[in-house]
Amino acid sequence: MSIFKKLKLAREKTLNIIIVGAGKVGSTLADKLTAEGNNVTVIDKSPERISRLATTYDIMGITGNGSSYGTLMDAGIENADLIIAVTDSDELNLLCCTLAKKVGNCSAIARVRTPDYAEELTYLRDKLGISMIINPELEAAREINRILHFPSAISVNAFAKGTVDMIKFKLPKNNMLCGMSLMEFRNSPALGNVLVCAVERGDDLVIPNGSFNLMAEDIVSFIATPHNAYKFFRHIGLGGRRVNSALIIGGGKTSFYLAKYLHQSGISVKIIESNFARCQELNELLPDNIVIVNGDGTDEQLLMQEDIASAGAVIPLTGVDEENVLLSLYAMRVAPDIKAVTKVNHINFSNVINELELGSVVYPRFMTAEIIRTYVRAKKNSIGSNIETLYRIFDERAEAIEFKIDGDSDFLNIPFKDLKLKDNLLIASILRNGKSFIPGGQDCFKSGDGVVIVTTHSGFTNIRDILG
């Protein structure tokens, strides 16, 4: 059988997936994984949730306990390729995956959120034979921490083992880049180490070529190493002052993880939390110089008393999206230069949220679903190279994907200028021997490379998909 026939079969492969838990993340996964052609069965104790999902999506729903042998058998665990446990209980998720591994021959993914397990995730994964353990709050804290290192950024996504970032920012009026073509941009010695890979202009999304001219108000995404990104922002006058203090509103799990990250970066941290018992707990768990304030974070008088106007960043992390949105809007009104990062759990109104110009918005549920989708795509792929990382960008109208190049690929050492690539696609970065660089037409793929692709196409599972 030829390699092209093998590839065709790999693309058409359908996975049998069981999702335990029909909450926000489970529902999002049911939507995304069925849309990519997988057979999905959802288990949940709530008949109302199961009925709603079965009516909305092309899934099979089962009402029951996902850690029950009988329920798993009814769901087809013996023929399942993957089980994903995303209930509200960490212990139940781990038990579901462990039992599924014993009964069936499938991979397993568990959501584990309790901070007590945070230092043991690798141990649990290895000892229980689970393919992946995801902590959404920890992932959200990591993303917020990355964003705060670039005050002008809207979002920051890490690729290639953290050696390169994709950073999104809004190009202000009268900036030196306004009117500049990307050919001029790339040929500038001061800008050449940064690659503009996507531009959102109004309702349009463009993967730009060299003749594309940047304009004020464009939402620009670029690829660069962290060091070159710092230099780039400074050069175009958007370096801004480094965030040296942060006010976190809400003392939940994400706040706990984020406070530790920011403290390690030398940023002073203050947390406002309404629950006194939680304040005591945080006071014991976090370093002494992190200030814990017991009070209502939505109280304007308290916010002014805690000097919100002088904070370098404000991060509302309450459990209520509306409160988080209003708090960010308020912070930017009293302190126009403040860096606001807003956590939003419901993504149904993302268009409305984007119009509010909240600065940076983090969606933990969306992040969790994307990590799992990346694993599913890689599992469906049987030849060539696997997906390492995947991000949906610009409201899911484009993808940034990192592939690992396999030594058996038959297009190694061919200059990119000689490869026929799909339209609306860009080879953005290559990680080789621990170092990342932006490739040119004379560069080529080599075995072991990590490659970042940006494209408006969807559903790529193999590096070969970039070819026209």
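The exercises below work through two sheets, a helix pair and a salt bridge of one predicted model.

In this predicted model local features need pLDDT of at least 70 and side-chain atom pairs count only at pLDDT 80 or more, while totals for chains, interfaces and linings use all residues. Residues are numbered from 1 along each chain as its sequence is written, and side-chain values use heavy atoms, with hydrogens and water left out.

**Exercise 1.** Determine the strand order of the six-stranded open sheet and state which strands stand at its edges.

Solution. Helices (H or I, at least four residues) and strands (E, at least two) are DSSP runs, numbered from the N terminus, and two strands pair if DSSP finds at least two bridges between them. On that basis the order is β3-β2-β1-β4-β5-β6, with parallel pairing. The edges are β3 (60-63) and β6 (132-134), each of which has a single partner strand, so one side of each is left without a neighbour in the sheet. From one strand to the next the twist averages 15°. Within the sheet, β1 (residues 16-20) and β4 (residues 82-85) run parallel and are joined by four bridges, and Val20 stands opposite Ala85 in β4.

**Exercise 2.** Describe how helix α7 and helix α10 cross and which residues make the contact.

Solution. Axes are lines fitted to C-alpha atoms, for helices over the stretch in contact, and angles run from 0 to 180 degrees between N-to-C directions. The axes of α7 (residues 136-148) and α10 (residues 253-264) come within 8 Å and cross at roughly 40°. That makes α7 oblique to α10, given that angles under 35 degrees count as roughly parallel, over 145 as roughly antiparallel, 65 to 115 as roughly perpendicular and the rest as oblique. With contact meaning heavy atoms within 4.5 Å, the residues involved include Leu138, Ile144 and Leu148 of α7 and Tyr257, Leu258 and Tyr261 of α10.

**Exercise 3.** Work out which parts of the chain are tied together by the salt bridge of Glu36 and Arg373.

Solution. A salt bridge is a side-chain nitrogen of Lys or Arg within 4 Å of a carboxyl oxygen of Asp or Glu, and a search of the whole structure finds 14 of them. In one of these the side chains of Glu36 and Arg373 meet at 2.7 Å, N to O. Glu36 lies in the loop between α2 (24-35) and β2 (39-44) and Arg373 in helix α15 (residues 364-380), so the pair ties together parts that are 337 residues apart in sequence.

**Exercise 4.** Give the strand order of the five-stranded open sheet and the sense of its pairing.

Solution. The order is β7-β8-β11-β9-β10, and the pairing is antiparallel. β9 (residues 195-201) pairs with β10 over three bridges, and Val199 stands opposite Val206 in β10.
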